[in-house]
Amino acid sequence: MAKAIGNKNASFLKLVVERALSMEEKKKQQEALVPYLPKDCISNILVRLPIDSLQRSRLVCKAWYTIINSPIFIDAHLRRSESVLIFLSSIKRGSLYSSPMALIPPEKPNTISVEVKSLQSECVPVFGLPNLSPFLKSYIQCLEINDGKSKIGEYNISCLGNIRATCNGLILLDDKLKKGGLIVMNPVTRKLIALPLGTLFPAHVESYGMALSSATGEYKVIHLFQDELGFIGCETLIVGTRLWSWVNGPSFGLVSWFGCEPVSAIGAMHWVPHIDHSDYVVSMDVDEEKFHTTPLPKSCRTHDGIIEMGGFLSFVTHEEVNQIDIWILKGLGEAWTKQHSITMGCIMDMFPFFSLRMKGDVIFKREEDGSFYAYDFQLQVMTRIEMENGRFPLSCSFLPHVNSLVSWSSREGSQDLCN
């Protein structure tokens with residue numbers, strides 16, 4: 001009996017070995033059919049893919065997943081990615097003459113809610129989720145600009161709050177389910193984190209910015225606010241931590257206006273402090289968390305502004321009716337240098353919006369009709385940007401953005417490339 005069992009086990013073992021050898025032989029045959037590519041070669045190919053193709057490529061195999069998720073690759077892809085404008089598009093009601101059911105706007109396929117996802121990450125049970133009205137939601141979308149044309153890109157994400165700031169593909173959102181709450185999210189990867197509550201102030205007397213610390217590789221949220229006596233306070237939070245840090249704000253009277261979004265460049269966050277006739281910019285060093293004032297080469301008027309341009313801080317000003325000058329600041333404490341003068345296609349109500357990270361064009365927005373224009377420095381031509389389909393979205397809160405795979409927890413290999 002024991003001998004029979006031993007023979008049976010031996011036969012089974014032999015069968016397992018033969019099957020393993022057969023599978024190994026098939027694997028070798030398949031590898032022979034597919035040419036071997038070094039890891040660096042695959043990485044150089046993948047880094048050139050657009051973000052939507054890159055997302056799908058992560059699912060091809062384990063090797064590609066590892067490459068694409070590495071901090072070095074994410075940083076390399078970020079460096080090659082072009083700027084877009086991120087904005088919120090309201091969900092419209094149906095016609096008043098339609099049936100009652102038609103008044104409920106249909107949800108886009110594969111759409112997620114920022115608020116629901118945030119609650120789920122906090123382990124809120126399904127029956128504890130609020131019933132969110134579809135009429136209060138907005139869709140997060142982006143405007144892609146290329147060769148004088150623009151088109152709308154979809155993230156299939158809805159939210160209730162406003163976008164407060166952007167940096168390297170991360171966005172800062174209001175959390176409307178918590179008074180004063182904030183959420184940091186990457187709309188491409190859909191990863192998000194709820195931030196702890198900070199100081200509560202009305203939106204018209206506060207400003208948020210987000211920047212990357214070059215010293216630590218950590219993302220910081222910067223909150224500037226004005227109390228009822230006119231004093232300016234500031235607090236910062238490292239994304240992923242639970243405590244806000246108090247920072248000595250700018251001196252009394254230096255900032256009187258929070259209507260212009262701050263700009264991250266040269267290792268600092270910069271604000272235009274007054275609605276008109278600003279003779280300086282107020283800057284906070286992201287690493288040292290100290291405020292500075294930098295005199296402007298000329299007074300900043302209503303349609304002038306600051307933008308990030310090629311990693312530097314740029315001041316774009318209307319010198320004359322038909323001339324726009326561009327000044328560059330390469331570091332805190334340094335002097336402004338005049339880099340360009342635009343003399344073609346200038347209009348007085350053009351406001352500088354942002355600079356394309358790869359091509360370098362400066363994008364302007366007209367106050368009169370909300371249209372966009374791009375100035376090409378190589379061709380020295382100002383071109384009106386046309387929509388591929390339809391009209392420009394009626395949004396008043398476009399923010400410069402870049403689609404990336406960046407995460408607040410991917411600290412190694414990160415570089416300061418904030419918009």
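The following exchange concerns a predicted model and asks how its sheets, helix 2 and nonpolar cores are recognised.

Me: What makes strands 9, 10, 11 and 12 one sheet?
Reply: Two strands pair if at least two bridges are found between them. Strand 9 and strand 10 are joined by seven bridges in the antiparallel sense. Strand 10 (residues 219–226) and strand 11 also share seven bridges and run antiparallel, and three bridges join strand 11 to strand 12 (residues 245–247), again antiparallel. Each of these pairings meets the requirement of at least two bridges, and therefore the four strands form an open sheet in the order 9-10-11-12.

Me: Which strands are called the edge strands of this sheet?
Reply: Strand 9 (206–212) and strand 12 are the edge strands, since each pairs on one side only. On average, neighbouring strands here are turned by 25 degrees against each other, direction ignored.

Me: Which residues stand opposite one another in these pairings?
Reply: Glutamine 226 stands opposite isoleucine 232 in strand 11. Threonine 236 faces serine 245 in strand 12, and alanine 211 has lysine 220 in strand 10 as its bridge partner.

Me: What lies between the strands of the hairpins that strand 11 forms?
Reply: Between strand 10 and strand 11 there are five residues, and glycine 230 in that turn has a positive phi of about 95 degrees. Between strand 11 and strand 12 there are six residues, and glycine 240 in the turn has a positive phi of about 105 degrees.

Me: Why is strand 11 described as largely enclosed?
Reply: A residue counts as buried when its relative accessible area is under 20%. Six of the seven residues of strand 11 (residues 232–238) are buried, so this strand is largely enclosed by the rest of the structure.

Me: How do you know which strands stand at the edges of the sheet 17-18-19-20?
Reply: This open sheet of four strands has antiparallel pairing. Strand 17 (305–309) and strand 20 (337–342) each have a single partner strand, so one side of each is left without a neighbour in the sheet. Neighbouring strands of this sheet are turned by 30 degrees against each other on average, direction ignored. Five bridges link strand 17 to strand 18 (residues 312–320), and glutamate 308 stands opposite leucine 313 in strand 18.

Me: How do you know that the buried residues of helix 2 lie on the same side?
Reply: In helix 2 (residues 39–46), the buried residues are Ile42, Ser43 and Leu46. They cover an arc of only 100 degrees around the axis, which puts them on the same side of helix 2. These buried residues pack against helix 3 (51–57), helix 4 (62–69) and helix 5 (71–79).

Me: Why is the largest nonpolar core said to lie between two domains?
Reply: The largest nonpolar core has 47 residues, and those with the most contacts inside it are Val114, Ile140, Leu172, Val184, Met185 and Val221. Domain 1 (41–80) and domain 2 (81–91 + 109–124 + 134–402) both give residues to this core, so it lies between them. A second, separate core of 15 residues includes Phe258, Met269, Val282 and Met284.

Me: Which residues are in contact with valine 114?
Reply: Contact requires heavy atoms within 4.5 Å. Leaving aside its neighbours within four places in sequence, valine 114 is in contact with Ile140, Ile157, Ser158, Cys159, Leu173, Ile183, Met185 and Leu192.

How values were computed. Residues are numbered from 1 along each chain as its sequence is written. This is a predicted model: local features need pLDDT of at least 70, side-chain atom pairs count only at pLDDT 80 or more; totals for chains, interfaces and linings use all residues. Side-chain values use heavy atoms; hydrogens and water are left out. Buried means under 20% relative accessible area, exposed over 50%, partly exposed in between (1.4 Å probe, protein chains only). The arc is that of the directions from the helix axis to the C-beta atoms. A nonpolar core is a set of buried Ala, Val, Leu, Ile, Met, Phe, Trp, Tyr and Cys residues joined through side-chain atoms within 4.5 Å. Domain bounds come from an automatic or database domain assignment. Axes are lines fitted to C-alpha atoms, for helices over the stretch in contact, and angles run from 0 to 180 degrees between N-to-C directions.
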